Amino acid sequence: MEEIVAKKRMLSGIKPSGDLTLGSYLGAVKNWAERADQYECFYFMADLHAITVRQNPADLRRRTLEQLAQYIACGLDPEKNTLFIQSHVHQHAELGWVLDCYSMFGELSRMTQFKDKSAKNADNINAGLFTYPSLMAGDILLYQPDLVPVGEDQKQHVELTHVIARRFNGIYGDVFKIPEPFVPKVGARIMSLTNPLAKMSKSEDEDTGRVLLMDAPEIIMKQFKRAITDSDTENCVRYDKENKPGVANLMTIYSAVTGKSYDQIENEFVGCGYGKFKPVVGEAVVEHLRPIREEAARLMKDKAYLESVYRDGAQKASYVAEKTLRKVYKKVGFVAK
């Protein structure tokens with residue numbers, strides 16, 4: 001009799017604080033879609049995290065639904081992946097508070113993103129901005145996942161999750177599974193087209209350095225044609241992240257959408273300058289994103305379907321999350337309902 005091996009569990013989420021970018025897709029969502037058959041996957045729209053920065057309520061609602069539509073259009077089949085809205089699963093906020101009480105002030109104050117966001121939002125350095133790594137730890141630990149797909153910039157938060165989980169387990173026994181961060185090798189960190197030393201951001205006010213999943217082809221081409229390459233005299237397509245970060249970023253993008261290796265790309269553009277390389281990358285991105293953009297636009301017109309997806313997803317997620325929360329509540333001494 002053949003033994004049935006349980007799938008490992010994977011979980012991740014993205015804030016609907018801005019429109020999904022090419023970087024969000026290549027660094028995260030594309031990789032999620034490729035793992036649905038191998039893992040039990042939970043993916044969510046992190047709307048609780050979004051409000052650490054002031055949001056326009058109508059925009060937040062719209063972006064949350066658009067993000068769900070784009071998740072599905074990118075290949076996240078709701079039949080194979082549990083897709084849900086974070087605020088619809090009350091256990092996230094509840095475990096987040098408990099873990100606040102097991103997170104040390106010094107640990108939270110050392111978080112790089114807190115420092116960065118405090119500098120950008122000096123008039124709104126709120127408690128949520130400070131403690132959201134504890135909520136993120138709750139997001140992760142609720143589902144007892146084996147792997148957490150993250151960008152390089154989020155590894156610090158996963159490491160803090162490990163610290164919090166080990167602290168809690170050290171006091172109360174084996175409550176939380178310690179998950180491993182999963183960082184894809186290609187496309188893990190897509191940089192801004194105008195500042196290849198900074199990550200492509202979906203919440204950036206200045207939009208010249210980013211490409212959105214829903215951008216029209218002519219806008220995508222315009223962005224790539226004015227992409228920063230490098231101020232060297234070599235003018236050749238060669239992967240050198242340290243000395244040629246602009247070209248390296250374009251090669252990373254081209255590799256991710258075509259499947260070609262860096263060596264293949266270098267051979268393809270031997271003798272060609274940046275002026276020829278940039279529009280070819282742009283065209284490859286346009287064609288890669290075209291079916292995603294068209295399918296997401298179609299899904300946004302079917303609100304009843306999207307509602308059925310996020311309601312079913314929240315029900316499935318709550319069932320799993322409640323098991324963990326009940327165990328935590330018992331361990332800390334709360335009276336059972």
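**Exercise 1. The cavity**

Find how many cavities of 30 Å³ or more this predicted model holds, and describe the lining of the largest.

*Solution.* Start with the count: the search gives one cavity of 30 Å³ or more. Next comes the volume, which is about 40 Å³ for the largest cavity. Now list the lining residues: Gly-18, Asp-19, Leu-20, Arg-63, Glu-66, Gln-67 and Gln-70. Finally, sort them by class, and you get one nonpolar, three polar and three charged residues.

**Exercise 2. A salt bridge in the cavity lining**

Arg-63 and Asp-19 both line the largest cavity. Work out how their side chains meet and where each residue sits in the chain.

*Solution.* Begin with the distance: the two side chains form a salt bridge, at 3.8 Å from N to O. Then place the partners. Arg-63 belongs to helix H3 (residues 57–73), while Asp-19 lies in the loop between strand E1 (8–14) and helix H1 (22–33). The two are 44 residues apart, so the pair links distant parts of the chain. Last, check accessibility. Arg-63 has 19% relative accessibility and therefore counts as buried, the cut-off being under 20%. Asp-19, at 23%, counts as partly exposed.

**Exercise 3. Salt bridges elsewhere, and a network**

How many salt bridges does a search of the whole structure find? Describe the Lys-260 and Arg-298 examples, then name the residues joined into one network by shared partners.

*Solution.* The whole structure has 15 salt bridges. In one of them, Lys-260 pairs with Glu-268, with 2.9 Å between the closest N and O atoms. Lys-260 is partly exposed at 30% relative accessible area, and Glu-268 is partly exposed at 35%.

Turn now to Arg-298, which forms a salt bridge with Glu-295; here the closest N and O atoms are 2.8 Å apart. Arg-298 is partly exposed with 45% relative accessible area, as is Glu-295 with 27%. Both residues are in helix H12 (residues 274–300), and because they are three residues apart, about one helical turn separates them.

For the network, follow the shared partners: salt bridges join Asp-19, Asp-59, Arg-62, Arg-63 and Glu-66.

**Exercise 4. A glycine in a loop**

Is Gly-259 buried or exposed, and which residues does it contact beyond its neighbours within four places in sequence?

*Solution.* First locate Gly-259: it is in the loop between helix H10 (245–258) and helix H11 (262–268). Its relative accessibility is 64%, so Gly-259 counts as exposed, the cut-off being over 50%. With neighbours within four places set aside, Gly-259 is in contact with Tyr-254 and Gln-264.

Technical notes: Residues are numbered from 1 along each chain as its sequence is written. This is a predicted model: local features need pLDDT of at least 70, side-chain atom pairs count only at pLDDT 80 or more; totals for chains, interfaces and linings use all residues. Side-chain values use heavy atoms; hydrogens and water are left out. Helices (H or I, at least four residues) and strands (E, at least two) are DSSP runs, numbered from the N terminus. Buried means under 20% relative accessible area, exposed over 50%, partly exposed in between (1.4 Å probe, protein chains only). Contact means heavy atoms within 4.5 Å. On a 1 Å grid over the protein atoms alone, a cavity is a set of points where a 1.4 Å probe fits but cannot get out, and a pocket is an open set with protein on both sides within 12 Å along at least five of seven lines; lining residues have an atom within 4 Å of a point. Grid points are joined across faces, edges and corners, and a volume is the space filled by probe spheres set on the points. Ala, Val, Leu, Ile, Met, Phe, Trp, Tyr, Cys and Pro count as nonpolar, Asp, Glu, Lys and Arg as charged, and the others, Gly among them, as polar. A salt bridge is a side-chain nitrogen of Lys or Arg within 4 Å of a carboxyl oxygen of Asp or Glu.
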